[in-house]
Amino acid sequence: MLDKTAMMALGHIIDGAVVDRAEAGGIDVIDPSTGGAFARIPAGGKAEIDRAVQAARSAFEGAWGEKSALERGRILIRLAGLIEAHFDELADLECRDTGKPMKQARADITAAARYFEYYGTAADKHHGETIPYQKGMTVMALRVPHGVTGHIIPWNYPAQIFGRSVGGALAAGNACVVKPAEDACLTPLKIAELAIEAGLPAGALNVVCGLGTEAGAALAAHPGINHISFTGSPQTGTAVARAAAENHVQVTLELGGKSPQLVFADADLDAALPVIVNAIVQNAGQTCAAGSRVLIERSIYDDVMAKLAERFAALTVGPGAEDRDCGPIISARQLSRVKTLVDAALADGAKVVAKAALGADAPDGGFYYPPMLLDGAAPESRLAQDEVFGPVLAAFPFDDEAEAIRLANATPYGLTASVWTADGGRQMRCANAIEAGQVFINNYGAGGGIELPFGGMKRSGYGREKAFEGMISFTTVKTVVLKHG
Ligand code: NAD
């Protein structure tokens with residue numbers, strides 16, 4: 001269990017050891033539920049990234065590179081077991097670091113363990129191919145790791161995104177350097193420590209803390225990196241891809257979305273509405289796959305809005321540890337961004353249809369923004385087009401299937417979508433026509449599903465993570481042409 005009174009001093013994990021503990025100085029880690037600092041991380045930069053990349057290269061060329069796929073898999077499965085064994089401690093850390101309700105923090109730690117289990121069991125089932133070629137020759141297309149992979153991860157799901165990103169990379173045989181977000185990075189640090197206990201050789205998994213503009217930029221531009229996986233904002237994604245392009249390094253970008261939830265007049269509303277509310281309230285709307293737009297067929301618009309309003313007004317909001325429906329926003333900066341976007345929409349004519357109330361016990365210093373249902377925003381407004389990254393649902397009516405699809409596709413993003421209808425033909429027509437990496441029919445996963453390939457179209461990014469597909473992204477093909485006569 002966490003000692004809630006002590007200030008924690010964390011260090012980087014480089015070459016199999018905790019280094020540079022931030023006893024003083026460094027970056028304060030703030031508890032979003034209270035606004036108070038409870039830990040310090042070191043502010044790493046180019047020098048620490050250099051050390052980590054060198055350690056990773058040595059591991060790749062040495063102890064880690066020598067492991068068989070089976071051995072790699074067994075270490076990852078042991079790590080999954082250690083995460084389960086430290087479940088309460090990790091859930092407490094995640095809840096405090098991000099402010100997310102405890103049940104969400106627990107679900108995230110379960111998912112992190114499952115990523116390592118999934119990729120641990122996949123490690124030795126990842127085959128290359130042989131290609132029929134000329135007589136007297138055998139051609140093999142081998143699947144080989146990139147080498148040293150860089151991972152820049154965000155603050156919204158630190159444990160989960162760490163598991164999804166390094167799980168596939170390690171299973172494929174890469175050595176990793178991770179730059180977690182400065183706002184929330186405690187579970188990645190703890191899981192990397194557990195990886196050492198699980199038997200991962202020194203240097204195979206390094207975690208360097210620090211600011212994005214310092215440590216993150218140094219990792220993206222490092223010539224010793226062979227592949228970069230980035231999850232975060234489109235603007236930073238562009239900077240990372242640009243830096244990587246200087247070294248001709250391949251990048252996977254997961255940049256968020258503006259995911260539509262389409263509700264047709266024949267939908268089962270009892271099934272749809274709780275899922276639609278959860279899709280935006282989960283993690284206080286700070287989910288790349290948050291269902292931030294609800295598109296409702298006009299004939300049922302008023303009825304659905306009245307039912308959604310009832311649900312929004314009943315939502316509870318408070319500190320993560322109190323396990324309400326919605327916790328705080330991650331930081332004062334993000335809270336101010338959410339407020340600015342919503343205030344601009346209200347000034348432009350959008351209306352608040354319903355709003356949850358903040359619990360009386362929520363500390364004054366916390367970064368709370370009670371969930372809100374909005375109506376009447378212009379489809380071209382920032383609220384309708386941009387990620388708000390807060391618990392704010394914007395509703396829009398449509399007249400027919402064609403208009404629903406047009407509205408669904410009318411943002412620069414294309415990450416996920418849900419379609420609620422009993423009409424089988426329409427289900428598949430919508431799935432085909434909606435520009436998104438994942439389309440859910442009569443359900444919504446909000447990014448969940450370790451076994452499901454995940455990633456974007458359009459401004460949501462490119463490349464795929466999760467599932468077997470995610471492991472393939474962390475390999476490249478080497479063709480061997482053997483002439484034997
Ligand atoms: P961000 O993109 O700036 O941060 C994501 C990660 O990138 C962090 O680890 C950060 O330290 C790092 N980073 C920042 N600048 C960097 C740089 N120049 N080079 C390399 N790495 C760098 O995101 P943010 O500022 O924390 O949040 C802003 C917005 O991003 C949010 O409002 C939201 O819309 C979006 N976002 C999306 C996701 C997602 O899952 N898709 C996650 C977090 C944030």
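How far does a polar side-chain atom of Trp155 lie from an oxygen atom of the ligand? In this predicted model, the separation is 2.6 Å. Two further side chains join the picture. Glu387 places an N or O atom of its side chain 2.7 Å from a ligand oxygen, and for Arg337 a polar side-chain atom is found 3.0 Å from an oxygen atom of the ligand. Of the ligand's own accessible area of 800 Å², 90% is covered by the protein.

It is worth stepping back to the surroundings as a whole. The ligand occupies the space of the largest pocket. Helix 7 (212-220), strand 11 (227-231), helix 8 (234-246) and helix 11 (332-347) are the elements that each supply two or more residues to the shell. Both domain 1 (8-255 + 463-479) and domain 2 (260-452) contribute to this shell, with at least three residues from each.

The shell around the ligand counts 27 residues, and those that come nearest are Trp155, Lys179, Glu182, Ser233 and Glu387. Sorted by class, twelve residues of the shell are nonpolar, nine are polar and six are charged. Trp155 and Glu387 thus appear among the nearest residues, and each also has the side-chain approach to a ligand oxygen described above.

Definitions and conventions. Residues numbered from 1 in each chain as written. Predicted model: local features only at pLDDT ≥ 70, side-chain atom pairs only at ≥ 80, totals over all residues. Heavy atoms only, no water. Near = heavy atom within 4 Å. Polar contact = N/O pair within 3.5 Å; in protein donor to acceptor, adjacent residues only side chain to side chain. Areas by Shrake-Rupley, 256 points an atom, 1.4 Å probe, with all protein chains shown as cover. 1 Å grid on protein atoms, 1.4 Å probe; cavity = no way out; pocket = protein on both sides within 12 Å on 5 of 7 lines; lining within 4 Å. Sits in = over half its atoms within 2 Å of the grid points. Helix = DSSP H or I, 4+ residues; strand = E, 2+ residues; numbered from the N terminus. Nonpolar A, V, L, I, M, F, W, Y, C, P; charged D, E, K, R; others polar. Domains from an automatic or database assignment.
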